[in-house]
Amino acid sequence: RHIPTAIYRPGLISGDSETGITNTADLMSTLGRACLLLGTVPLLEAEVDIVPVNYVSRSIVHLSLNENHFGKTFHLANPERLPFANLLDWIPEFGFAVEAIPFDEWRDHLLSLANQMGGGDWGAFLPLLEETEVGQIYLPHFDCRHTLDGLAGSGISCAPVSYDLIGRYLAFFQEKGFLQKVL
């Protein structure tokens, strides 16, 4: 029908990379907080691919204003992902004590506590975890070449998944009273 379109596929959208302001009720934030509060995290062979919301919004606006981009697909993924194990190494440095345990054990622990305590704000996400096996947990690698090419020269870049970025998010949660350091 000759309607100009483009497809924008953001990955796991995280908070603002500059301010740390984060959606406190999404799956990623809620389960992350639950891990820190429980003191356990799942051992995963995965990479952390979070995409700051300010990057996603600026990118979509910039790309959508160029008619040469119509008909293309843009993956808004983080070009600088991080092994999950590296993230786990940083957690004590941020003042949290966590033990990394096998995924099945972690999932069962979380579900058991949810049944005892009512699930808290993470209760809504528990049905997603009940049937999940460790082999089902992966983040596909998205080719973000078109996105990076389309953003070239714009000054828009994605903050890497880094110690500083994670620190900003955790500081926001602490400031808002969602987390307290235990170390």
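Me: How many helices and how many strands make up the secondary structure of the protein chain?
Reply: This is a predicted model, and its chain has 183 residues, of which 42% count as buried. Contacts between residues 24 or more positions apart make up 85% of those with a separation of 6 or more. The secondary structure comes to seven helices and eight strands.

Me: In which helix of the protein chain is confidence lowest, and in which element is it highest?
Reply: The chain averages a pLDDT of 86, and 84% of the residues score at least 70. Confidence is lowest in helix α5 (residues 126-130), where the mean is 67. The highest mean, 97, belongs to α2.

Me: Which helix gives the most residues to the largest nonpolar core?
Reply: The largest nonpolar core has 27 residues, and those touching the most other members are Val48, Ile50, Leu87, Phe96, Ile166 and Leu170. At least two residues of this core come from each of α1 (27-38), α3 (84-90), α4 (103-117) and α7 (163-175). With five residues, the helix that gives the most is α7.

Me: How many residues are in the other core, which includes Val51 and Phe74?
Reply: Leu87, a member of the largest core, is in contact with Val48, Leu82 and Ile166, leaving aside neighbours within four places in sequence. Another core lies apart from the largest one, and Val56 and Cys158 are also among its members. The number of residues in this other core is nine.

Me: Against which elements do the buried residues of α7 pack?
Reply: The 13 residues of α7 reach 18 Å from first C-alpha to last, close to the 18 Å expected at 1.5 Å a residue. Leu165, Ile166, Gly167, Tyr169, Leu170, Phe172 and Phe173 are the buried residues in this helix. These buried residues pack against β2 (12-14), α1, β5 (50-52) and α3.

Me: Which residue with a positive phi follows α7, and what is the approximate angle?
Reply: The helix α7 spans residues 163-175. The residue with positive phi that follows α7 is Gly177, and its angle is near 85°.

Me: Is Phe178 buried, partly exposed or exposed?
Reply: Phe178 is found in the segment after α7. Not counting residues up to four places away in sequence, Phe178 touches Thr24, Arg33, Leu37 and Phe173. Phe178 and Leu37 are 141 residues apart along the chain, while their C-alpha atoms are separated by 9.5 Å. Because its relative accessibility is 32%, Phe178 counts as partly exposed.

Me: Is His69 buried or exposed?
Reply: His69 is found in the loop between α2 (53-64) and β6 (73-76). Leaving aside neighbours within four places in sequence, His69 is in contact with Ala6, Leu63, Phe74 and Gly150. A polar atom of the His69 side chain lies 3.1 Å from the backbone oxygen of Leu63. Because the relative accessible area of His69 is 8%, under the 20% limit, this residue is buried.

Me: How many disulfides does the count give?
Reply: A disulfide requires two cysteine sulfur atoms within 2.5 Å. Cys144 is in no disulfide, as the nearest cysteine sulfur, that of Cys158, is 8.1 Å away. Cys144 is buried at a relative accessible area of 9%, and Cys35 is buried at 10%. The number of disulfides is zero.

Notes: Residues numbered from 1 in each chain as written. Predicted model: local features only at pLDDT ≥ 70, side-chain atom pairs only at ≥ 80, totals over all residues. Heavy atoms only, no water. Helix = DSSP H or I, 4+ residues; strand = E, 2+ residues; numbered from the N terminus. Buried < 20%, exposed > 50% of the residue type's maximum accessible area, 1.4 Å probe, protein only. Polar contact = N/O pair within 3.5 Å; in protein donor to acceptor, adjacent residues only side chain to side chain. Contact = heavy atoms within 4.5 Å. Core = buried A, V, L, I, M, F, W, Y, C linked by side-chain atoms within 4.5 Å. Expected span 1.5 Å × (residues − 1). pLDDT = per-residue confidence, 0-100.
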